[in-house]
Amino acid sequence: MTDPKPVSASATSIVRRMKPAEANVAGNVHGGVVLQLCDESAATCAMRHARRRVATVRISEVTFRTPVNVGELLSIKTSINAAFGSSMEVGVRVEAEVLETGEVRHTTSAYFVMVALDDDGRPVRDLPRLATETADDERREREAHERRERARATR
Ligand SMILES: CC(C)(COP(=O)(O)OP(=O)(O)OC[C@H]1O[C@@H](n2cnc3c(N)ncnc32)[C@H](O)[C@@H]1OP(=O)(O)O)[C@@H](O)C(=O)NCCC(=O)NCCS
């Protein structure tokens, strides 16, 4: 059995300045563009934990709290909330920074479930367990287990 891995070992942040081609005519960045970056960051985070390729099987509770505007710097922060059998829940928080003023807004949150796959594309059996390091890590892990139970009840 592999040693448990701390949350901090796989925490990932992608930083990207938003371009006009990614926005509508009003200058607001498309939600799909933000979600794609979330998927990219969540997959990187999950791969860092599993050291395997991963597939997204579920995205939940996507909330767009405020618009993102062209020219703003987007930070997509991801960390593992819980590691189950072959799957992981990755928490995503997106912040937008107005570069001219330094103002930072929380714009988007979501949860991604990613499955670690072996070389034949099957779910792995040796996913490392998660080592929580802080009270926040423990709360997120507990809440991820509750979300998993709720999702399973409706599947
Ligand atoms: C990833 C994949 C190979 C797994 O195959 P599968 O037959 O679902 O495998 P299993 O039923 O054994 O499930 C594997 C794990 O995924 C989890 N899982 C599968 N579907 C899920 C869903 N919709 N929501 C949450 N978890 C899910 C299972 O709970 C299990 O987790 P665990 O091992 O931690 O308990 C298959 O689901 C797949 O290819 N999905 C499409 C992935 C994809 O293309 N993603 C891009 C989206 S466009």
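1. Strands β5 and β6 run antiparallel and are joined by 11 bridges. Within this pairing, Val 94 stands opposite Thr 108 in β6. The β5–β6 hairpin has 6 residues between its strands, and Gly 102 there takes a positive phi near 85°. Note that the model is predicted.

2. β6 also pairs with β3. These two strands run antiparallel too, with 9 bridges between them. One such pair is Thr 63 with its bridge partner Ser 109 in β6.

3. Next, the core. The largest nonpolar core holds 32 residues, and Ala 46, Val 90 and Met 114 touch the most other members. At least two residues of this core come from each of α1 (31-50), β4 (73-83), β5 (87-97) and β6 (104-117).

4. Val 90 deserves a look. Beyond its neighbours within four places in sequence, Val 90 is in contact with Ala 42, Cys 45 and Ala 46. Its contacts also include Thr 78, Ile 80 and Asn 81, as well as Phe 112 and Met 114.

5. The ligand shell draws on several stretches of sequence. Ala 55, Thr 56, Val 57 and Arg 58 are among the residues around the ligand. So are Phe 84, Gly 85, Ser 86 and Ser 87. Val 113, Val 115, Pro 123 and Ala 151 also belong to the shell.

6. Which strand gives the most to the shell around the ligand? β3 does, with 4 residues. Both β3 (53-64) and β6 supply at least two. By type, the shell divides into 7 nonpolar, 4 polar and 1 charged residue.

7. Helix α2 covers residues 135-154. At 1.5 Å a residue, its 20 residues should span 28 Å, and the end C-alpha atoms lie 29 Å apart, so the two values agree. α2 is hardly covered: the count of buried residues among its 20 is 2.

8. Thr 66 sits in the loop between β3 and β4. Is Thr 66 buried or exposed? It counts as exposed, because it has 11 C-beta neighbours inside 10 Å, and the cut-off for exposed is 12 or fewer. Leaving aside neighbours within four places in sequence, Thr 66 is in contact with Arg 105 and Thr 107. Tyr 111 is 45 residues from Thr 66 in sequence, and their C-alpha atoms are 18 Å apart.

Methods. Residues are numbered from 1 along each chain as its sequence is written. This is a predicted model: local features need pLDDT of at least 70, side-chain atom pairs count only at pLDDT 80 or more; totals for chains, interfaces and linings use all residues. A nonpolar core is a set of buried Ala, Val, Leu, Ile, Met, Phe, Trp, Tyr and Cys residues joined through C-beta atoms within 7 Å. Two residues are in contact if their C-beta atoms, placed from the backbone, lie within 7 Å. A residue is near a molecule or strand if its C-beta atom, placed from the backbone, lies within 6 Å of it. Ala, Val, Leu, Ile, Met, Phe, Trp, Tyr, Cys and Pro count as nonpolar, Asp, Glu, Lys and Arg as charged, and the others, Gly among them, as polar. The expected span of a helix is 1.5 Å times one less than its number of residues. Two strands pair if DSSP finds at least two bridges between them.
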